[in-house]
Amino acid sequence: MTWISRPLKIVACMLLAWQTQGRASALEAVPDRLVVLTFDDSVKSQFTVARPILKKYRFGATFYITESFAFRTNKRDYMTWEEIRQLHEDGFEIGNHTRDHNAVTVKSLGQLTSQLSAIDKACIEHGIPKTTTFAWPGNGIIRGGVARLQDYGFQFARRGGMPEYPRETGLGPVYEPGRDHPMLIPSAAIPRPGFTFEKFVSAVSKAKDGRIAVLQFHGVPEGEHPWVNTTRALDRRGRSALLDIVSHRVAARCTRADGS
Ligand SMILES: [Zn+2]
C-alpha cells in the first residue's frame, strides 16, 4: 500500500462527513497511511528542493507563509511571492502563518486579525485565494486564540506536539478527527537535528485507524534556522525525511512493523 499526502484544506473536505453523518463515518472516510505534509516559514529550499520531489510523486502539501525573519531582503533563504504563487498554481495549498510570526499570546491577541489579513492581502495581490488554514507561529497556543481563529473563518489550524510531547523530542500526537479540536490539530513530527529515522517511522506508522499524521517541516535544508533543519537531522542516512517518505522506504518499514 502506498502513502497518500493531501493539503490540510483537502482533508477538511474529506472530514465533512463527520459534521453531517457523525464521527464514525468520518473515521471510515480517512484511509490508512494518510499524511499531511506541511512546510513552514516560506523557506527557499521548500521551492527548490521539496517542490520537485512532491510534484514527481504527486504529493499534496501545505505551505505556511510568513513575511517574517529576513523574508523581505534575503531571497537566497526565502521564497519570493512569485514562487509562492507558483506553488499555488502547482496545486499546493498556501496557508497562513501570520505576517510577522509573533507568538499568539494574551498580549498580542489584539493584533492577530491584522497579522492574518496582511498575509491574505498579499496572497490576493499575487493571484492566490484567501487562506483557509493556519499554523500557530512557534507552535505556541492559547485558549483565547482558538475563537479568534474560528471567527476569522479558518477551517483548520495546526499546532506542534506540545503539551503531550516535550519540544526536544520533535514528536507529537497523531491527529484524530472528532477528538482533536479543528483549531488545535497536532503535529506528529517536527524534524530537527537529532531527529532520527526511527522516530520518523514511529510517527508516520500511527497514520491508521482513522488517524492522520501531520508532519511539520521547515527548511529542507534550512537557511536561517538550523535548529529545525531537516537534512542535518537525518545526515547519518544521507537523505532527507521528505525523500524517505516519497521513496516509500517508510512504507516498507511500516509494513514489516505492523505485519500488514
Ligand atoms: Zn514558523
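Let's start in the middle of a sheet: Y64 stands opposite G95 in β4. Strands β3 and β4 pair in the parallel sense, over 4 bridges. Here, two strands count as paired if DSSP finds at least two bridges between them, and the elements themselves are DSSP runs numbered from the N terminus, helices being H or I runs of at least four residues and strands E runs of at least two. Before going on, keep in mind that this is a predicted model, in which local features need pLDDT of at least 70 and side-chain atom pairs count only at pLDDT 80 or more, while totals for chains, interfaces and linings use all residues. Residues are numbered from 1 along each chain as its sequence is written.

Now stay with β3, residues 62–65. T62 and Y64 point one way from this strand, F63 and I65 point the other way, and all are buried. "Buried" has a set meaning: 20 or more other C-beta atoms lie within 10 Å of the residue's own, while 12 or fewer makes a residue exposed and anything in between partly exposed, with C-beta atoms placed from the backbone. Its partner β4 is covered on both faces too, with E93 and G95 buried on one side and I94 and N96 buried on the other.

Step across to β2, residues 34–40. This strand pairs with β3 in the parallel sense over 3 bridges, and T38 stands opposite T62 in β3. What does T38 stand opposite in β7? That would be Q216. Strands β2 and β7 run parallel and are joined by 5 bridges. As for β7 itself (residues 213–217), 5 of its 5 residues are buried, so the strand is largely enclosed by the rest of the structure. A213, L215 and F217 cover one side, and V214 and Q216 the other.

T38 also turns up among the contacts of R158, a residue in strand β6. Leaving aside neighbours within four places in sequence, R158 is in contact with L8, T38, A135, I185, S187 and V214. Contact here means that the two C-beta atoms, placed from the backbone, lie within 7 Å. Is this arginine buried or exposed? R158 is buried, because 25 other C-beta atoms lie within 10 Å. R158 and P137 are 21 residues apart in sequence, yet 9.6 Å apart in space, C-alpha to C-alpha.

Follow the chain on from β6 (156–158) and you reach the loop that leads to α8, where P163 lies. A cis peptide bond joins M162 and P163, with omega at about 10°. In helix α8 itself (residues 197–204), F200, A203 and V204 are buried. They cover an arc of only 85° around the axis, which means they sit on the same side of α8; that arc is taken from the directions from the helix axis to the C-beta atoms. A203 counts as buried because it has 27 C-beta neighbours inside 10 Å. Not counting residues up to four places away in sequence, A203 touches L171, A188, A189 and A213. A203 and S187 are 16 residues apart in sequence and 9.5 Å apart in space, C-alpha to C-alpha.

Next, a pair of helices. The axes of α4 (residues 44–56) and α5 (residues 81–90) come within 12 Å and cross at roughly 10°. That makes α4 roughly parallel to α5, since angles under 35 degrees count as roughly parallel, over 145 as roughly antiparallel, 65 to 115 as roughly perpendicular and the rest as oblique. Where they meet, F47, R51 and K55 in α4 face E83, L87 and D90 in α5.

Two loops deserve a look for their backbone. F69, in the loop between β3 and α5, has a positive phi of about 55° although it is not a glycine. H101 is not a glycine either, and has a positive phi of about 60°; its place is in the loop between β4 (93–96) and α6 (112–125). F69 is partly exposed, with 18 other C-beta atoms within 10 Å, and H101 counts as partly exposed with 18 C-beta neighbours inside 10 Å.

Finally, the whole chain. There are 11 helices and 7 strands, and buried residues make up 44% of the 260 residues. Among contacts between residues at least 6 apart in sequence, 70% join residues at least 24 apart.

Notes. Axes are lines fitted to C-alpha atoms, for helices over the stretch in contact, and angles run from 0 to 180 degrees between N-to-C directions.
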